[in-house]
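Hello,

Here is the structure I said I would pass on. My notes on it follow below.

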Amino acid sequence: MNRKFSWTVALLIMLLGSGCTGKKSDKSKEQDIASLEMYVFDVGKIQVNDISQLNGGEEVKAPVYFTNTAFLIRHPKGDLIWDTGFADSVVNHPMGEVTSPYYSTMEKTLSSQLDEIGVGPDNVKYLAVSHKHPDHSGNMSLFSESTIILQEAEYQALFESETPGIVLEGLDDNEFIKLDGELDVFCDGTVVVIPTPGHTEGHQVLFVNLPETGPIILSGDLWLFNTGVRSQAVPLFNENVAETSASWEKVQALLREKKATLWVQHDSEQMLAIPHSPKALH
Ligand SMILES: [Zn+2]
């Protein structure tokens, strides 16, 4: 689909609100929800040598390790990948890629982890990334057949920028859903994209309601680690501090309302305790 037509999709979403139309029986909705599953991928590790940049200037001398995590949600209406990790090419640099004060390594490619569970990138219906930074959007170009879900501001920062910061080759014909708000992706409340500007202008998080694990919110970089959730310190690299604070409040209210658990994608302690692919979470 060309870019012109993708505007039509965006316009329809705006006109229809959630983009959800048509009636579906409660029973068939329940069946869809019961069969929802999610896979968790390790898509890199980040050694942060100067954590003071990320905890509002508070000094911590020892290096801190962040996980980098991506997720595949499998719904009867199609697969959705949430974040894509570093570009798979980082795996070729066993000593890591250094962008001071960060030191990034990757043991397994996202492609190989998808292959392990029998999923080809061409068959992934939706691609949504929390934001434009390369630890989250580095592998977008693997998904040349997916419908890409982004907030309008992040679409502009990636696809209308001279310096997007990541490889976007092969994405010329993708369909886009450009949002200025939420999207209930499968129209049953199980997978909802929620705008949370601040870290970047078009940052978003993902609400997922798994049948056994329960409701969770995948953080993107709204928070970088659980220490930051507790201290409420805004990282020094952040596009809009006031918006970040407002997004924190909004998501914390949603966590309470939905009785949901926050999954902080870069938090090593929390992420390493969660079973990873090829095991599925239900
Ligand atoms: Zn990140």
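Helix α7, residues 241–258, lies across three strands: β11 (204–210), β12 and β13. Relative to β12, the helix runs at about 170 degrees. Please keep in mind that this is a predicted model.

The strands under discussion belong to an open sheet of five, ordered β9-β10-β11-β12-β13, and the pairing in that sheet is mixed. Its edges are β9 (183–184) and β13 (261–263), each of which pairs on one side only. Strand β12 covers residues 214–218 and runs parallel to β13, with three bridges joining the two. Across that pair, Ile217 in β12 stands opposite Leu262 in β13.

Now the core. The largest nonpolar core has 64 residues, and those touching the most other members are Phe71, Trp82, Ala128, Ile149, Val193, Leu206 and Leu218. The strand that gives the most to this core is β1 (residues 37–48), with seven residues. Leaving aside residues up to four places away in sequence, Leu206 touches Trp82, Ala128, Val191, Val193 and Leu218.

For the chain as a whole, the secondary structure amounts to eight helices and 13 strands. The chain has 282 residues, of which 41% count as buried. Taking contacts between residues at least 6 apart in sequence, 69% join residues at least 24 apart.

Regards

Conventions
Residues numbered from 1 in each chain as written. Predicted model: local features only at pLDDT ≥ 70, side-chain atom pairs only at ≥ 80, totals over all residues. Helix = DSSP H or I, 4+ residues; strand = E, 2+ residues; numbered from the N terminus. Buried ≥ 20, exposed ≤ 12 C-beta atoms within 10 Å, placed from the backbone. Contact = placed C-beta atoms within 7 Å. Core = buried A, V, L, I, M, F, W, Y, C linked by C-beta atoms within 7 Å. Pairing = 2+ DSSP bridges. Axes fitted to C-alpha atoms, helices over the stretch in contact; angles between N-to-C directions.
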